[in-house]
Every structure is written in structure tokens, then in C-alpha cells.
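Student: I would like to take a close look at one part of this structure, and then follow the answer outward to other parts. Could you guide me through it slowly?

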Amino acid sequence: MTGIKLEVDGAAHDVPEGASLLAAVRAAGIELPALCSDDRLSPAGSCRTCLVRADGQIAAACVTPAASGAQVETATDDLQQLRRDAVELIASALPPRALAGDNPSELAHVCRSLGIGPEAAQGVGGRGGDDSHPYVHLDRDLCIACGRCVRMCAEVQGTFALTLVGRGADTVVAPGTGGSWADSDCVACGGCVDTCPTGAIIEPGPARGLTSASHQAASLTRTTCGYCGVGCSLEVVTRDGEVTAVLPARDGPVNQGHACVKGRFAHGYLTSPERLTRPLLRRDGHLEPVGWDEALGHVARGLRAAVDAGGPDAVAAISSARATNEENYLVQKFMRVVIGTNNVDNCSRLCHSPSAAGLTASFGLSGGTDSLDDVERADCLLVVGANPVEAHPVVGARLLRRVLHGAKLVVADPRAVGLALHADVHLRPRPGTNVALFHGLAHILLTEGLTDEEFLRDRATGLPELTELLDDYPPHRVADITGVPASDLIAAARLYGRARRPAIVYGLGVTEHLHGTDGVRSLANLAILRGAVGTDRGHGVNPLRGQNNVQGASDMGALPDLLPGYGKVTDPAARSRAEAVWGVPVPEHPGLRIPDMFAAARAGDLRALWVIGEDVCATDPDANRVAQALDACPLVVCNELFLSETARHADVVLPVASWLEKDGTFVNFDRRFQRVRPAVPPPAEARTDFDVIHAAASAMGVDLGCPTPADALAECGRVAPVFAGLSHHRLDREGAIPWPCPNPDRPGEAKLYTERFATPDGRARLAAAPYLPPGEQPDDDYPLILVTGRRWAHYNSGSMTRRGGNLALDPVDFLDLHPDDAVRYDVQDGAQVTVESRHGRARLITRVSEQTAPGQVFCSFHFPASGVNRLTSDHADTVTSCPEYKVTAVRVAAP
Ligand SMILES: Nc1nc2c(c(=O)[nH]1)N[C@H]1C(S)=C(S)[C@@H](COP(=O)(O)OP(=O)(O)OC[C@H]3O[C@@H](n4cnc5c(=O)[nH]c(N)nc54)[C@H](O)[C@@H]3O)O[C@H]1N2
Ligand SMILES: Nc1nc2c(c(=O)[nH]1)N[C@H]1C(S)=C(S)[C@@H](COP(=O)(O)OP(=O)(O)OC[C@H]3O[C@@H](n4cnc5c(=O)[nH]c(N)nc54)[C@H](O)[C@@H]3O)O[C@H]1N2
Ligand SMILES: [Mo]
């Protein structure tokens, strides 16, 4: 990078091209007040507090570009006086509390450093406030109209919820909708709270006034968010063993000083009175508190009895994508070493198992192909069946920012939500018709000569078969199948086909289907046809993986057919690597997948099931049948934070620690390992899943080795060469490291396949799978198609987000219904309805909106009591058994 050389107060300095004078002055170690400036934002130059002299002229440093050869003065008496006057003038309009003794705000700090005393604040106040929102309170008297909150909301979050209103000295921030904060478009990312320099916008309660710039004095733990797979770096502020605030880390590699309503605010669950604090054991039909020894003794005896009665395969475990890598490693080791079965799976089965299978088949490895940083450089984004604005908000915000700066955007989603509202082309396929849609796009790439012939010749296979198949997918036929107009198909294919560096990002709208793996593979075809994967001519195919550690749970081998690092259990070489480390034979036939576990339990073949951090009775499909399976299984053990629907069906419930209470690592959606560190201890007798698995093994007379999480990751690296270069020690030093990372002295690979694909012949494989219809179609009895998915304020089963302020932000599971259907089925907005499918019924509150197309309805599954997963069917991806959560035929009835 070419730098700029200039002088600050007589000393020479280099700054990067494009830097401001403020950045140059700060790089020289000089602090200037800069009340309207935040390095996450574009400069405003409105507060005039960062005044310097550049080549003889007084200038606001934040808006003045650093120029080569400039002579910058900051320290002369007149400049100091000017800055002091500017700050004093701002402070004078505020009431005295703005500068009171221990006020942690940036303004109070600046005033103290300039020798401006509290008496400078002489405003009378009386402008009132807004405390309608659970997490964001506004004190208008402290607003200096610097606009940082407005810019944060627009530039970083992309929500545009805030504006400045009033004139002159009365200018103040307000929600753009004009009403209360609670009724505004605010999605509570916390950005405004974090940037506000005066405390006008604060998080109420003990976090009052804390921001990522002002918290330094407090006790801090750096960790990785335990909600979704984005992997935001967070700084947890604690006092007296309790979490006071969770702040975005300014240098977080993925979040870059941003966060969302979950990571930032949804930690109230930690101290919920409903938190489990003692083991529970079922006696005479009731769960009763017992000591750990008794609970673990019962588990050990029950597991042994199950093995005695039905052999090792009569036992199964569902491991948790919420838990750490080290815990997942230990769970699968427990099953393989202590029990002797491959019956272990994780919620990737319900989520992105088609990604793992599809991407492996197309490219060779199971993760996304490129890093988010690369994806962000794309000039055309194809976002398919993903709603990152709600489900991965920090990624959604980064992608939106890219689009607002000019990247083209094609969204394929039946619903008009999130990024679709900003798309150049919004394709709205009928749910379950993706394969036809992708073939339609591929057909146009081929017929319009928008493919990369050299790449197809040298680095791919399968073109003749695909070309032949694509004859059947001309735009008009694809339009018939998908409902997407042919002109939109052509426009989308041209945007993707003509872009210089296109990227594909996708979600569950691709995977959670009867033909989810075919969907992933036919989507990957587009990148292969364009040569936009493994090259510098594009940024690949990237699943927005869901849970904080779903990538890691699978990486660690919590899967019935794969060992840590994706060695197949059927492959003698992979088994012998594991056997060399574990010292026991590894069973060679694949174990049961989650749905097969339930079927085996109902058939009486599964005699013990250990469910670790998945609320299968709420979140697995066809929930009535899941409950039957648990009731039929002689021993059900459940590690949980709360008495979940599943825990209620268990024989033993073990209280465990959550992400803010434990040590280890997570792998985020773009394959980065990051550290997780305990900020607070688990409550009362709760223990980490790591300790619980160890203790259960001990109760069965086995020492699992690897006594600490750091040891477990090190051991995993010996079983799985792709992780051999990783260690806690290295992660502590370097932060985020992507896998593959076979070597401790080399960085991991953020972008895959730059030289060859990881398939046996090193080539990417085009797939020629025909479109097949979804498992359910609407008919006279069930005329509507139900799509299920996520809302921004809650997380999956809602066990954590329903226990805190997020409940006020989104109090129920709503059913979105098009206005035409509301008329046709005679339901009012806000009415309670019963929704019925062939499998069960749920009760929801209707919300009439044009977000869904006529004939389609949408709801979330965040409130187990509403019973949404009693509706969903047991249809599942034909390759991976991932449930078809996105297509269920339903009808609405009166309550
Ligand atoms: N707030 C919040 N964030 C979350 C979660 C949460 O529960 N709440 N859960 C986390 C988890 S586990 C996951 S896996 C991720 C999921 O993140 P996403 O995959 O983004 O989530 P969904 O809302 O389930 O589905 C995405 C979109 O697929 C669309 N869709 C449905 N059917 C089709 C189809 O046939 N074709 C196409 N093209 N699109 C379709 C839906 O309309 C929906 O907008 O989110 C993670 N983040
Ligand atoms: N209808 C419908 N259903 C769906 C989906 C859909 O789109 N539509 N999506 C599916 C998808 S993608 C997923 S990933 C699943 C998610 O489904 P689940 O995995 O069941 O959902 P979560 O609420 O994330 O977490 C499960 C439980 O783990 C507990 N927990 C949290 N942290 C820990 C921990 O560290 N250790 C232990 N032992 N427990 C912990 C929580 O209290 C919670 O009860 O839902 C699926 N269900
Ligand atoms: Mo998921």
C-alpha cells in the first residue's frame, strides 16, 4: 500500500492512502476530541471539536484528508483554546448530569481531559425522553445532534430508523417513523447506544452508559457470540459475577464493532429464575431434584442396561450445535469409545446437512468456499433462500452496505423481506421449486454464452450431462414450474453471468426441502459454469450456517457417518487414525441419523437417548411423533439450561452452562475457529457439558483423556489433520483462524480451491439432477403452503430469547397471510387462528401482509407452545434426511 507522509507537530508520520487528518493525528499518539466522529462511520465534520492547523489553515481533522507533505499542528495554545471553546459550548447546552462525576460518556471524558468542570453544563433540560423500548432509552436533554446514531443506523446497520428533527439548538434525534422508539423500525442492534458520545441513547439498567469506547475500567471477557453462526466477537462486562453488558468488539474480525439484538442484549436468560440449577431425576412420573452423583449413577446404569439389552447401537446421542467444539468432540468420543456406536448426530441434520453433502459432492469439502470478507468484495450478490437481515443481522448489514455502495443484488425468496426489498431482481419461486429455478438460470448462462469455457474445460466435469439436462429447462418452462416470470429469470441470469466477481450466499430456503441436496448442487452449478469458485473471478458458494457452532459440531465428528475432520467411518484409514489416538476400535457401520433415532425408539430398538442441547420436541418436525419416540425410549437424558419441551419428557435432566459460562472454541459459518471464554460461572450446581460428559464416562469406569478443552482440541488435531495447526494457545494469540489449517506455522485457508478442488480428480463436479416436486402440494383440503423460518428477535426454540427483553420486541409466533387470502378465508389481522396440516395443529396470531405471496403463509417456530412443528411433516431430503420445513400444506380455521 502506498502511504502518505506528513508531519504532525514536527514529527514525521506515514498513514495509509485515504486516511483523514484525524486518523493521522491519532496514529501519532495524540488524542483530539472528536464528538461527531466514529471510525466505523463516514465523517460529518459538524461538531468542530477536532480542530487542527494544516499548512496554516484551521481545519476539522475528521473531514480533512491527509495530504502528502502536510504540516499539521495540534498543540498550540490557540488550537487548544479553540477546541476547548467548541466543547464547552456544546456542553453548556446540556443539563449538569451530562458531566456529573462518574459519568462514563465520551463527552464527560473529553471534558475532564480538557479541564472543563461539571459547572460548564448549564442547560435546563425538560425535553423529555423515550423509555418505551426494552434496550434503548433516549434522554433528549443529552442529545448534541452529532448524528452519530443516525449514521450508525444507516451506514453500519442499514436500517435507517433514526433521523434528526427540530432546528438549531433544539435539534434532537428521533425515530424516523415519528412515534415511540418501541414502535419504530429499530432492530436493537445497539449501534446507536454504542456510538452515542453523551449518554443520550443508553441501554438502561446496570449497562447504563457503557459503550465499546468507554468500558475500559470494567472487568472484561473477550468471547464469541453463542447465538447464530456469524461469530461476532464480543466483550462481556461483568460486575460481582454477573453480566452487566455485552459490547461488540471493535476489532472483531467478522462483526467489526457491530452486533445484533441477540448477542448484544439477549443475556437476561442467564439469571432467569427458571434456569436449571440442580440435576432432576424422574421418580413416580415426576422430575425431582437430586445430587450429581445420583443423577450420573442413574445415567451410567441406564446406558449399561441399554447396551446389555440391545447392544451398543441401542444407545444414541444428539450433540449440540450450541455447545463448543471441545464438547462436541467429547460427545462423539464418548459414543464411539465408551458405548461403541456411531449413533451420534447434531442439528446440522435439520439445517445444513444438504450443504455438507452437496458442497462435498460438488467441490470436495463441506464448508462454504470463501470468506465473508471476500464475498463482500463481490460486484454481484446472489442471495438465495436466506434472510440474513433477520437471521444473520451482522452479515445482512454488511451485505446491504455492499449493495448500497453499488453491488448488484439478486434475491431468490418467495417472500418480500429483508434484502429482497433492495434487490435489482427479486425472484419469487414457489416454495420447493429451487432446482428448476437454478436450472433455468443455468440454461440462460449456457445459451447466452455467459460461461467460463476455460474453467469448464480445465477444472470441471459433468458439462455434457448437464447441458443435455438443461435442454428441458428453457425460461418459459421454468416460469411454469416456479411461477417466476421468464423476463426476471433472464435479468437475474445476466446480472450473475456478466458480473466480474459474483458471489452466492444461501440459506435454509435451499436446504430444508425434499430435494435440498439437489438444490445445493444445482446452485453450485451456477458458480462452476461461471468459473466463479476457486478463482479470482468470483467468490463461490457460501451457506449462511445457522447455529453458533453447527459447522464445528460437524467438523468435530458429531455425525453418524463421519469422524472428526470428515473421515468416513467406513474408511479403514480414517478409522485407524482415530483408533491410534483413542486406543479402541471404532465401529465401522454408520450410525443412526436423528429421524432414524426416533423411528428406532418408537420401534423399541433404541433403549437410551442422550439429548444434549436440542429441544427436539419443539424444533424437530412432526413433533407429536417425536414426543411418542421419547416416551417409548426407556432412558432419555437431557442436558439443558431450562426445562425445555424435551426435558419434560426426559428421565434425567442435567443442568448445564451456556456460552457465556464456558471455555472452548466455536467455528463460524465461514470456517473460522474462535475462542469462547467464560465471563461468569454457571449458576449453582450447573456444570459445563464438557464436565458432564467426562463425569458420565468416569461413572462408567472410563477415563476419556483430554481433561481440559484445550487438550480436547489438541487431541482432535491428532485425529483430524485439517485441524492439526489449531490450538487454544494459537487462537489466543491470533484471534480467528479458518480451517483447513494443517500446520501450526501456516495460516488457515480462508478461500478454498485456488489450485485444485478437493475431489478425487481435483475438479469441480457439475450435477445433472432433474427437478422433482416437493413432498406436499396444496389441495382442496389443505389449500395453503406454509413456509416456516425465523424472526429477528428470537432464536430457534426461543428458550433463551423468550427469557428477557426480546419477548417485548416479539411476543408471539405470527402467521403472515396475504390480504387476498385473509379475505378468502375470512380472517382479520391480529386474530387468533388454528392452522391445521395433515400432521397436527397449531395456534397462531395472524398478521395480514404482502410479504407472503397469495396461497402461501409464513410463521416462525420460536414459541413451542404455539405448536408449529406439530404441523410440519416427516418428509425429508432424500440424501441427508434434512426435514422439509419449508413446505407444508395447511388450512386456516377459526380458533
Ligand atoms: N433471529 C434469528 N436468527 C437465527 C436463528 C433464529 O432462530 N433467529 N436461527 C439460526 C439458525 S439455526 C439458522 S439455520 C439460520 C437460518 O437462516 P436463514 O436460512 O436465513 O433462515 P430461514 O428464515 O429459516 O429461511 C430463509 C428464507 O428461505 C426462504 N425460502 C423458503 N422456501 C424457499 C424456497 O423454496 N426457495 C427459496 N429460494 N427460498 C425459500 C424463506 O422465505 C426465508 O426467507 O439462522 C440462524 N440465525
Ligand atoms: N418449523 C421449523 N422448525 C425448525 C426450523 C425451521 O426453519 N422451521 N429450523 C431447524 C433448524 S435450522 C435448527 S438448527 C433447529 C434448532 O433447534 P434447537 O437446536 O432445538 O434450538 P435451540 O433453541 O437453538 O437450542 C436447543 C436447546 O439448547 C439449549 N442450549 C443452549 N446452549 C446450550 C449449551 O451450551 N448446552 C446445552 N446442553 N444446551 C444448550 C437451549 O436452552 C435450547 O433449549 O430447529 C429446526 N427447526
Ligand atoms: Mo439451523
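Student: Which residue in strand 2 is the bridge partner of Ile4?

Tutor: Please keep in mind that this is a predicted model. The residue you are looking for is Val15, which is the bridge partner of Ile4 in strand 2. The pairing around these residues involves strand 1, made of residues 3–8, and strand 2, made of residues 11–16, and these strands run antiparallel and are joined by six bridges. Strand 1 and strand 2 form a hairpin with two residues between the strands, and in this hairpin Asp9 takes a positive phi near 45 degrees. In general, the strands of a sheet pair through backbone hydrogen bonds, and the pairing may be either parallel or antiparallel.

With that hairpin in mind, you can turn to another one, which is formed by strand 33 and strand 34 and has three residues between them. Here strand 33, residues 832–837, pairs with strand 34 in the antiparallel sense over five bridges, and Thr834 stands opposite Arg843 of strand 34. Strand 34, which covers residues 841–848, is also joined to strand 32, residues 814–817, by four bridges, and strand 32 and strand 34 run parallel. Within this parallel pair, Asp816 has Arg847 of strand 34 as its bridge partner.

For parallel pairing in an open sheet, look at the five strands that follow the order 20-19-18-22-23. The edges of this sheet are strand 20, at 425–427, and strand 23, at 541–543, each of which pairs on one side only. On average, neighbouring strands of the sheet are turned by 15 degrees against each other, if direction is ignored. At one end of the order, strand 19, residues 408–412, pairs with strand 20 in the parallel sense over three bridges, and Ala412 stands opposite Leu427 in strand 20.

Now consider the ligands, beginning with ligand 1. It is surrounded by 33 residues, and the closest are Ala391, Asp413, Arg790, His794 and Asn796. Arg790 places an N or O atom of its side chain 2.7 Å from an oxygen atom of ligand 1, while Gly432 has a backbone N or O atom 2.8 Å from an oxygen atom of ligand 1. Arg791 also takes part through its backbone, with an N or O atom that lies 3.0 Å from a nitrogen atom of ligand 1. On its own, ligand 1 has 920 Å² of accessible area, and the protein covers 99% of this. Domain 4 (353–541) and domain 5 (784–893) both give residues to the shell around ligand 1, so ligand 1 lies between them.

Ligand 2 can be read in the same manner. Among the 30 residues around ligand 2, those that come nearest are Thr619, Glu640, Lys662, Asp689 and Ser797. A polar side-chain atom of Lys662 is 2.7 Å from an oxygen atom of ligand 2, and the side chain of Ser799 has an N or O atom 2.7 Å from an oxygen atom of ligand 2. Taken alone, ligand 2 exposes 910 Å², of which the protein buries 99%. The shell around ligand 2 is made up of 12 nonpolar, nine polar and nine charged residues. Domain 3 (296–351 + 549–670 + 687–738) and domain 5 (784–893) both give residues to this shell, so ligand 2 lies between these domains.

Note on methods. Residues numbered from 1 in each chain as written. Chains lettered and ligands numbered in written order. Predicted model: local features only at pLDDT ≥ 70, side-chain atom pairs only at ≥ 80, totals over all residues. Heavy atoms only, no water. Near = heavy atom within 4 Å. Polar contact = N/O pair within 3.5 Å; in protein donor to acceptor, adjacent residues only side chain to side chain. Areas by Shrake-Rupley, 256 points an atom, 1.4 Å probe, with all protein chains shown as cover. Nonpolar A, V, L, I, M, F, W, Y, C, P; charged D, E, K, R; others polar. Domains from an automatic or database assignment. Pairing = 2+ DSSP bridges. Axes fitted to C-alpha atoms, helices over the stretch in contact; angles between N-to-C directions.
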